[in-house]
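Biologist: I'd like to walk through this one with you before I go back to the bench. Could you put it on the screen?

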Amino acid sequence: MNEYVTGTTIKTLRESKGMTQAELADKIFVTAKAVSKWETGHGLPDISLLEGLGKALGISIIELLNGQHIQNKNRAFNMQKLCFYVCPVCANIIQTSGEATISCCGITLPPLQVEEEDEGHEIQLQKVEDEYYVSSKHLMTKEHYLSFFAAVSDSGVQLVKLYPESDAQARFKISGVKWIYAYCNRHGLFRIEAKSI
């Protein structure tokens, strides 16, 4: 990763826990002077200390390195707070039911921002018996393609991975589907509302 924990992050998190530098130092078996050096930017904690430091501060190592403490406010599993993340290096697709700190290939990934479909990113939807047949006339070249289609209902997500030089199409069980998503590797995440056909 090209990010490392900062003294400001350590100080902010320590103070939010109501801990002194000495109390934090005792928890991770270092001196209060070491913690002071980190917080004033005169040193950095050794990588071997990060796991213990994260536990003492009540956050994950990724959050510690990112400088953000993410609290999932989606305790009721509200699918309207669904987030997709796509790694620009390996094209890994990660879906969460709320805000999260996601890292892949050494990169902290931002959640994709959802757009309504536009010209060039139209999503066609047809009902075929108990399924939605989803397709698009989007380019499917090696450089510009749709990476996946997803169907989202209140109870979960159905996802179909797409590949360059293949057809942009998928089938999803209709049961409760409210939204259909499509991800373009150049232009981002698009969606349409699934309506009774």
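Modeller: Sure, with some ground rules first: two strands count as paired if DSSP finds at least two bridges between them. Helices (H or I, at least four residues) and strands (E, at least two) are DSSP runs, numbered from the N terminus. This is a predicted model, where local features need pLDDT of at least 70, side-chain atom pairs count only at pLDDT 80 or more, and totals for chains, interfaces and linings use all residues. Residues are numbered from 1 along each chain as its sequence is written, and side-chain values use heavy atoms, with hydrogens and water left out.

Biologist: Over how many bridges do S8 and S9 pair?

Modeller: S8 and S9 form a hairpin with two residues between them. Within that pairing, Ser153 stands opposite Gly156 in S9. S8 covers residues 146–153 and S9 covers 156–161, and their antiparallel pairing runs over six bridges.

Biologist: Which strands sit at the edges of the sheet that holds S6 and S10?

Modeller: This is an open sheet of three strands in the order S6-S7-S10, with antiparallel pairing. Neighbouring strands are turned by 25 degrees against each other on average, ignoring direction (axes are lines fitted to C-alpha atoms, for helices over the stretch in contact, and angles run from 0 to 180 degrees between N-to-C directions). Pairing on one side only marks the edge strands, S6 and S10 (169–173).

Biologist: And what is the bridge partner of Val128 in S7?

Modeller: S6 and S7 (residues 131–135) run antiparallel, joined by five bridges. Across from Val128, the partner in S7 is Glu131.

Biologist: On to the helices. Why do the buried residues of H1 line one face of the helix?

Modeller: H1 spans residues 7–16, and Gly7, Thr9, Ile10, Leu13 and Arg14 are buried there (buried is under 20% relative accessible area, exposed over 50%, partly exposed in between, with a 1.4 Å probe and protein chains only). The arc is that of the directions from the helix axis to the C-beta atoms. Those buried residues line one face because, seen down the axis of H1, they fall within an arc of 160 degrees.

Biologist: What does that buried side of H1 pack against?

Modeller: The face turned away from the buried side carries the exposed residues Thr8 and Ser16. On the buried side, the partners by contact (heavy atoms within 4.5 Å) are helices H2 (21–28), H3 (32–39), H4 (50–57) and H5 (61–66).

Biologist: Arg14 caught my eye. Which backbone oxygen lies 2.8 Å from its side chain?

Modeller: Arg14 is in helix H1 and has a relative accessible area of 7%, so it counts as buried. Leaving aside neighbours within four places in sequence, its contacts include Thr20, Leu24, Glu39 and Leu57. The oxygen 2.8 Å from a polar atom of the Arg14 side chain is that of Met19.

Biologist: Now His121. Which side chain makes a polar contact of 3.3 Å with His121?

Modeller: His121 sits in the loop between strands S5 (114–116) and S6 (124–128), and a relative accessible area of 8% makes it buried. Its side chain has a polar contact of 2.7 Å with the side chain of Asp118 (a pair of N or O atoms within 3.5 Å; within protein, one must be able to donate a hydrogen and the other to accept it, and residues adjacent in sequence count only if both atoms are side-chain atoms). The 3.3 Å polar contact is with the side chain of His187.

Biologist: How many Å apart in space are His121 and His138?

Modeller: Not counting residues up to four places away in sequence, His121 touches His138, Cys184, His187 and Phe190. His121 and His138 are 17 residues apart in sequence, while their C-alpha to C-alpha distance is 6.2 Å.

Biologist: Last topic, aromatics. What is the angle between the planes of Phe84 and Phe148?

Modeller: Rings of Phe, Tyr and Trp (its six-membered ring) pair if their centres lie within 6.5 Å; planes under 30 degrees apart count as stacked, over 60 as edge-to-face and the rest as tilted. The whole structure has three such pairs. Phe84 and Phe148 form a tilted one, 5.2 Å centre to centre, with the planes at 40 degrees.

Biologist: Phe148 and which other residue form a stacked pair?

Modeller: Phe148 is buried, with a relative accessible area of 0%. Phe84, Phe148, Tyr181 and Tyr183 form one aromatic cluster. At 5.7 Å centre to centre and 15 degrees between the planes, the stacked partner of Phe148 is Tyr183.
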